Amino acid sequence: MRRDIPPLAEVRRITEKKRDAWWTVLLVDPVATPLVRFTAMRTRVTPNQITWGAFILGLGSAVCFAFGDWKWLALGAVIYHFSFIFDCMDGKLARLTGQGSVFGAWLDFVFDRIRVMVCGVALMWGQYDRTGDTFYIWLALGVVALDTLRYINSLEIFKIRHTMRKQIKARVRAARRAQNEAELAFMEDLLRDNPSADIEQDLQRAAGEAVGYVQQPSDETVGAETDTEAAPKPKAQVIDLHQEFRQKFPAYLRVRSFLLRHRIRAHLVSGIEFQMGVFMIGPLFDAVMPVTIVSGALLLVFELAIIYKLLLSTRDFTRTIDSFEEQKVVTAA
């Protein structure tokens, strides 16, 4: 038995994400985190072995789904949830023991996509065989397509945001070299790292008290501790690429602040909730078709909301870049 594994509270801090899907936070982490600690202390199981276990359980749930009868559907739903718990455990174990690898991340991603595809096809085939309704065949295609769409959308949005940040940082570095300006921070990171400051910050922003696209936050917002005897540190230059979105939807700010303090991300229907709706709630209540349709519709709504938020963010990005150009002209003059 390993004796270097910390207490459960510390394991939670190390392994659990700062923000995650509400299904994971409420229904998976309370089970997965203690299991990860037990696994790390008393076994030699590796994260990749857990990934394989999650994949095999997922295939087992697909076999159950293919039979089509409600009892098999319910059993398949339970097995799928255990498969998802295992899927969450591999990353947690990697963070806790330092056994993470690039290949392990690839394996986890590929197995997740195969599991969704196989389970989706098996579930809808079982219902088609049971009812003769050809609409289930279209639902199978829809499940696979939506899962692929949300991953492509997530990756492309990440690339665009990374590009915008990279360009802004390059402009600030150039200005700092010329004028010895302060450090740079992004508002979304400050609010994520310091959720307790969200309400005050967001209410001020919603009321229009904070204006402009390049802003100076208070020390409390940045979360820095100031030594009274030391020289004051320069305030970080904060770039807010979501200001227009915050101004358009002030009610969202309060909801987001509440969710962040409970580690729940504002994207309430992500791929995780979509999978749980299709592969757990639908089979358990023998309502595969309506639950799949509702889950798919909600996933599309939230994905479109993310795209709209990205559109507004690109406008903030353009204004930020323009503000740097204006500052350059003023400095040159």
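**Exercise 1.** In this predicted model, decide whether Asp286 is buried, partly exposed or exposed.

*Solution.* Start with the value: Asp286 has a relative accessibility of 34%. Next, recall the cut-offs: buried means under 20%, exposed means over 50%. The value for Asp286 fits neither class, so Asp286 counts as partly exposed.

**Exercise 2.** Locate Asp286 and Arg263, and state the sign of phi for Asp286 and for Arg263.

*Solution.* Take Asp286 first. Asp286 sits in the loop between α12 and α13 (288–332). Its phi is about 50°, which is positive. Now take Arg263. Arg263 belongs to the loop between α11 (250–261) and α12 (271–284). Its phi is near 65°, also a positive value. Neither Asp286 nor Arg263 is a glycine. Keep the background in mind: most residues other than glycine have a negative phi.

**Exercise 3.** Classify the aromatic pair of Phe109 and Tyr151, and explain what the pair ties together.

*Solution.* The whole structure holds 13 aromatic pairs. For Phe109 and Tyr151, the ring centres are 5.2 Å apart and the planes make an angle of 80°. An angle over 60 degrees counts as edge-to-face, and that is the class of this pair. Now place the residues. Phe109 is in helix α5 (residues 102–131) and Tyr151 is in helix α6 (residues 135–179), so the pair ties together parts 42 residues apart in sequence. Check exposure last. Phe109 is partly exposed at 34%, and Tyr151 is partly exposed at 22%.

**Exercise 4.** Find which charged residues lie over Phe109 and Phe245.

*Solution.* Over the face of Phe109 lies Arg113, 5.6 Å from the ring centre. Over the ring of Phe245 sits the charged end of Lys309, at 5.3 Å from the centre. Phe245 also belongs to a cluster, linked by ring pairs with Phe249, Tyr252 and Tyr308.

Technical notes. Residues numbered from 1 in each chain as written. Predicted model: local features only at pLDDT ≥ 70, side-chain atom pairs only at ≥ 80, totals over all residues. Heavy atoms only, no water. Phe/Tyr/Trp six-rings, centres within 6.5 Å; stacked < 30°, edge-to-face > 60°. Helix = DSSP H or I, 4+ residues; strand = E, 2+ residues; numbered from the N terminus. Buried < 20%, exposed > 50% of the residue type's maximum accessible area, 1.4 Å probe, protein only. Lys NZ or Arg CZ within 6 Å of the ring centre and 35° of its normal.
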